[in-house]
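Dear colleague,

Here is the structure I said I would pass on. My notes follow beneath it.

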Amino acid sequence: MDDQGFLLAGGTVLDGTGAAPVRVDVRVRSGTIVEMGPGLAPGGDRVLDASGAYVAPGFIDSHTHLDPSLFWDASCDPMPQHGVTTAIIGNCSLSLAPVRAEHVAEMSNLFCFIEDVPPGSFAEGVPWDWETYPEYRRRLARIPMGIDVGDLVGHTPLRLWVLGPEAWERSATEDEVATMAGLLDEALTVGASGLSTSIFDRDATHRPVPSALSDDREINALVDVLGRHRKILEFIPEVRSDQFIDDVDRFAGICGPRGVPLTYNGISCDTSRPGWFARALDQAETYAARGVHVYPQISPRPVDIMANWSGGMSFSYLPAWHRMIQAPHQEKASLLQSREWRGQARSEWDGIESRIIPNRSPDRIRLISVTRPDLEPWVGRSLAELALARHQHPSDALADWVLENDLRPGVMSRAVRNDDTDEVAKAIAHPLSLVSNSDAGAHLNMFCGAGDSTLLLTAFVRDRGDLSVAQAVHELTGRQAAVFGLGDRGVLGVGRRADLAVFDLDELEWGEPVVEPDLPARGTRLRRPEGRYRFTILGGVPTQVGGELTGDLPGGPLRAA
């Protein structure tokens, strides 16, 4: 698109504030909206057909892990095909900087395990030609991207930089805390959007991540820096127990007096924990009433988990199965055949309730692909049916199934969380919840996080009517920009940046993901099909048209306002 610009004609504008839709045309020149009004004449500008469609601000996905994939897929496929123009990376205490050269292997292993990125793809695709945060930012700026990214500083690499191996073992000294605060100040000064930390995450050996060992003195010092820069803190509490409530109390108590906004994930609808949604949101209301800026993140997506047989955390709650998953490929079959391993696996299957693979509900574990034609009649059926037909314990039936399918059957757990759509709808509509936590770019062989924007607009707006289209667009745009301090994004108006998503509600589709072998080192990922948006426009440049990427890459790292 040249500097002559273009005219989006015939559309209905949703400005991102939640205001009612207005039928006006939008003229864009040099990346800026220069005119809005009904029946505008082309005036020499190229005309883009928006008739029957909404023209909205480009969507903002505020919880992603696209950090590594930016280096091998700068288009960020399929984010633009779902209306996304800006994403936040560096969540959950994990960023790619600052990292000393001697810690690269450690950080790579940690990122690959927690975010389920194929290690070969990570090793081949991430160049690691930086150490400090300013060096990392300069490296990002050299990558033409299909979206803009705001980057959070991960607390875990901060601790590793300062404490080295002892970051896994102890709290920091006063001098070490001061050094971490200085590193955070440096990163925020060069444009980072905030800090992320985690109490929840573990590595492949179940060690708590370094950020989980921080004491209040350390958190206070880092939040002081955030307060001076007016930036946000993102964190993940301990989600496996009621410690979640205590963790939110702790961080809200630190952030509140400093005026630092706090956003956190880990809230999901789980019918095995009745009332959990309501309790977590009631807690947020209590803090909001005290003037504390708290934003619990809610994804609209039912969490379907594809078992990853080559690594990741899909079986991390079941030690014997987890040991098999993490074992070298050549050792997996012998473990699955071992009488000792099978006995342990059966015992744990009956005695431990997993929150990822629903071992207590084998009817929710689906067999979705096979490697042998004679097993195809089982596709679409459940592990419960398989175990019953073979007169086996579900763990033994699954072990045999993995062996029969060359250690790579398609096994998916359906709606592990967010399994009650009515409850999810209530949470999305809650005035404090932030539609976020897509995890796009992570768990590449467990699920596909891309497309939450399209699911919100199709399932909860068009099909169920839980939100108006103006409300939903506000949640995806203006509200995200305000919470994360993203300046001129998220709202449409004359003189504002031309980040745009153009869509007809009736045309949108939220499809099932398919396996794509398009990562470095022959790695695979689950990819959601395009959402059928008319146009996605970043800074006045179309990045996708009619579901097809244009090849233009006008994006890059942004500076938070």
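**Notes on the model**

Asp420 caps the N-terminal end of α14, with a side-chain oxygen 3.1 Å from the backbone nitrogen of Asp422. Please bear in mind that this is a predicted model.

Helix α14 spans residues 421-429, and its buried residues are Val424, Ala425, Ala427 and Ile428. Seen down the axis of α14, these residues fall within an arc of 165°, so they line one face of the helix. In general, an α-helix has 3.6 residues a turn, so residues three or four places apart point the same way. The buried residues of α14 pack against two helices and two strands, namely α8 (276-289), α15 (452-463), β14 (294-298) and β18 (434-435).

The loop between β18 and α15 holds Asp439. Asp439 is not a glycine, yet its phi is positive, at about 65°. Its relative accessibility is 12%, under the 20% cut-off, so Asp439 counts as buried.

**The pair α1 and α4**

The axes of α1 (residues 104-114) and α4 (residues 155-163) come within 11 Å and cross at roughly 160°. The angle makes α1 roughly antiparallel to α4. The crossing of the two helices is right-handed. On the α1 side the contacts involve Glu106, Met107 and Leu110, and on the α4 side Thr156, Pro157 and Leu160.

How many of the residues of α4 are buried? The count is 9 of 9. The buried residues of α4 include the charged Arg159 as well as His155, Trp161 and Val162. Besides α1, what covers the buried residues of α4 includes the strands β10 (148-154) and β11 (194-198) and the helices α5 (174-189) and α6 (216-229). Just after α4 comes Gly164, which has a positive phi of about 65°.

**Ser95 and the loop before α1**

Ser95 sits in the loop between β9 (84-89) and α1. With a relative accessibility of 1%, Ser95 counts as buried. Which backbone atoms does the side chain of Ser95 reach? A polar atom of that side chain lies 2.6 Å from the backbone oxygen of Ala97, and the side chain also reaches the backbone nitrogen of Gly154 at 2.8 Å.

Leaving aside residues up to four places away in sequence, Ser95 touches Asp67, Gly90, Met107, Tyr133, Leu152, Val153, Gly154 and Pro157. Two of these names also appear in the helix pair: Met107 in α1 and Pro157 in α4.

The loop between β9 and α1 also contains Pro98. The peptide bond from Ala97 to Pro98 is cis, with omega near -5°.

**Other backbone points**

A cis peptide bond also joins Asp77 to Pro78, with omega near 0°. Pro78 is in the loop between β8 (59-61) and β9.

Asp116 belongs to the loop between α1 and α2 (119-125). Its phi is near 55°, which is a positive value in a residue other than glycine. At 2% relative accessibility, Asp116 counts as buried.

If you look at one region, I suggest Ser95, with its side chain reaching the backbone nitrogen of Gly154.

Regards

Definitions and conventions: Residues numbered from 1 in each chain as written. Predicted model: local features only at pLDDT ≥ 70, side-chain atom pairs only at ≥ 80, totals over all residues. Heavy atoms only, no water. Buried < 20%, exposed > 50% of the residue type's maximum accessible area, 1.4 Å probe, protein only. Helix = DSSP H or I, 4+ residues; strand = E, 2+ residues; numbered from the N terminus. Arc of directions from axis to C-beta. Contact = heavy atoms within 4.5 Å. Polar contact = N/O pair within 3.5 Å; in protein donor to acceptor, adjacent residues only side chain to side chain. Axes fitted to C-alpha atoms, helices over the stretch in contact; angles between N-to-C directions. Parallel < 35°, antiparallel > 145°, perpendicular 65-115°, else oblique. Left-handed = near helix turned anticlockwise from the far one by under 90°.
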